[in-house]
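The points below are meant for a colleague who is opening this structure for the first time. They can be read with the model in view, one point at a time.

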Amino acid sequence: MIKPTVIVSGKNGQVGSELLLLHVSYPQFNWVFLAREDLDLFSENSISKAFQEHRPKYFINCAAYTAVDKAEEERGLAEKINAEAVGFIAQKCKAFDTILIHLSTDYVFDGTGSSPYRTDGETNPVNFYGFTKLEGEKLALQNNKQTIIIRTAWVYSVFGKNFVKTMLRLMNERPEISVVNDQIGSPTYARDLALAIAEIISSEKKHFGTYHYTNQGVISWYDFAIAIKEISGSGCKVNAITTAQFPTPAKRPHYSVLDNLDLQKDYHIQPRSWKVALQECMKYLQRL
Ligand SMILES: NC(=O)c1ccc[n+]([C@@H]2O[C@H](COP(=O)([O-])OP(=O)(O)OC[C@H]3O[C@@H](n4cnc5c(N)ncnc54)[C@H](OP(=O)(O)O)[C@@H]3O)[C@@H](O)[C@H]2O)c1
């Protein structure tokens with residue numbers, strides 16, 4: 001029997017790297033992992049070539065322009081990668097009868113809410129990155145019926161740059177650090193998200209549309225830093241500050257907790273607690 005092919009773009013990113021690690025547990029698929037050199041979202045030609053060559057049953061788009069602050073300046077580039085390229089990938093998916101799994105963000109919401117955002121909650125991005133990701137979602141859904149959008153948040157892993165690795169480095173270098181305490185959300189271990197994606201494509205019955213996936217629990221970045229300090233045993237002092245005391249080029253939503261219920265209902269995927277996931281990731285980080 002011919003195995004269905006799964007293309008994973010952005011193979012060197014956090015989620016792409018985790019999928020690369022766990023794909024051996026899903027031998028029913030023919031996995032094709034593509035880095036920027038193999039599949040450049042900036043080039044329609046490159047995208048077309050990948051579809052022509054591999055004829056995928058699934059396309060998991062882990063590639064994105066993820067520099068939130070820089071996106072305020074590099075608007076054209078962010079829009080090209082996060083919106084236009086996604087629209088083109090979705091067109092190709094339609095032509096090749098491919099199921100598109102596309103990752104998006106909690107930053108599509110403005111963060112003025114006070115209860116977890118449902119998948120059909122009103123979107124209103126407060127920064128340009130969020131705007132481009134929302135445009136990408138719309139084009140993906142418009143251009144290909146067989147699309148699954150997964151919005152996630154606060155992603156970390158042993159790979160790439162992320163909050164956990166930055167905190168560990170700073171806690172090592174400095175006696176004292178300050179972390180914002182008035183942005184509230186839920187962290188996501190990229191390994192757990194990758195596993196959820198693999199389960200979705202393995203699921204017999206597919207449901208299309210928009211889903212949310214984060215680990216369970218609601219915390220501030222300050223709470224997150226305190227947990228990292230405690231697990232690592234660092235002696236660094238962590239101070240709580242407000243967003244106003246830590247200005248960044250791109251505005252962030254104050255409250256961006258995502259309601260994961262639709263994914264539990266349709267795919268029976270139950271994320272574990274953020275703290276258990278963090279403990280596991282830090283165990284791997286401490287071994288490196
Ligand atoms: N990180 C978060 O906290 C977070 C939060 C919410 C949502 N998300 C979403 O989750 C998804 C995965 O995030 P992540 O943290 O895994 O991202 P990441 O680690 O920043 O990886 C993104 C990948 O995209 C690749 N890429 C960038 N431009 C490209 C292009 N023109 N062509 C091909 N590849 C390109 C990068 O390639 P290089 O390795 O060559 O640079 C990188 O490997 C993204 O859609 C992101 O928007 C992330």
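**Notes on helix packing, the sheet and the ligand shell**

1. Helix H7 passes helix H9 in a right-handed crossing, and it should be kept in mind throughout that the model is predicted. The residues that make this contact are Ala-227, Ile-231 and Ser-232 on the side of H7, and Lys-275, Leu-278, Gln-279 and Met-282 on the side of H9. Sorted by class, the residues of the contact are four nonpolar, two polar and one charged.

2. The geometry of this pair can be stated further: the axes of H7, which covers residues 221-232, and H9, which covers residues 274-287, come within 11 Å and cross at roughly 50°. An angle from 35 up to 65 degrees counts as oblique, and H7 and H9 are therefore oblique to each other.

3. A second pair is formed by helix H2 (residues 44-54) and helix H3 (residues 75-96), whose axes come within 10 Å and cross at roughly 25°. Because angles under 35 degrees count as roughly parallel, H2 is described as roughly parallel to H3. The crossing of H2 and H3 is right-handed. H2 contributes Glu-44, Ile-47, Ser-48 and Phe-51 to the contact, while H3 contributes Ala-85, Phe-88, Ile-89, Lys-92 and Phe-96; by class, these are six nonpolar residues, one polar and two charged.

4. Helix H1 meets helix H6 (residues 190-202), and the axes of the two come within 8 Å and cross at roughly 65°, in a right-handed crossing. From H1, the residues Gln-14, Val-15, Glu-18, Leu-19 and Leu-22 take part, and they meet Ala-190, Arg-191, Leu-193, Ala-194, Leu-195, Ile-197 and Ala-198 of H6. The residues of this contact divide into nine nonpolar, one polar and two charged.

5. The strands deserve a separate look, since six of them form an open sheet with parallel pairing, in the order E2-E1-E3-E4-E5-E10. Its edges are strand E2 (30-34) and strand E10 (209-212), each of which pairs on one side only. From one strand to the next, the twist averages 20°.

6. Within that sheet, strand E1 (residues 5-9) and strand E3 (residues 58-61) are paired in the parallel sense over four bridges. For a reader who wishes to locate this pairing in the model, Ile-7 stands opposite Phe-59 in E3.

7. Which residues are closest to the ligand? Of the 25 residues that surround the ligand, the closest are Gly-13, Gln-14, Ala-63, Ala-64 and Val-155. Two elements, helix H1 (14-22) and strand E4 (99-105), give two or more residues to this shell. H1 gives the most, with three residues. By class, the shell around the ligand has 13 nonpolar, nine polar and three charged residues.

8. Some parts recur across these points and may be worth viewing together. Gln-14 is listed among the residues closest to the ligand, and Gln-14 is also one of the H1 residues that meet H6. Strand E4, for its part, gives two or more residues to the shell around the ligand and takes its place between E3 and E5 in the order of the sheet.

Note on methods
Residues are numbered from 1 along each chain as its sequence is written. This is a predicted model: local features need pLDDT of at least 70, side-chain atom pairs count only at pLDDT 80 or more; totals for chains, interfaces and linings use all residues. A residue is near a molecule or strand if its C-beta atom, placed from the backbone, lies within 6 Å of it. Ala, Val, Leu, Ile, Met, Phe, Trp, Tyr, Cys and Pro count as nonpolar, Asp, Glu, Lys and Arg as charged, and the others, Gly among them, as polar. Axes are lines fitted to C-alpha atoms, for helices over the stretch in contact, and angles run from 0 to 180 degrees between N-to-C directions. Angles under 35 degrees count as roughly parallel, over 145 as roughly antiparallel, 65 to 115 as roughly perpendicular and the rest as oblique. A crossing is left-handed if the near helix is turned anticlockwise from the far one by less than a right angle, and right-handed if clockwise. Two residues are in contact if their C-beta atoms, placed from the backbone, lie within 7 Å. Two strands pair if DSSP finds at least two bridges between them.
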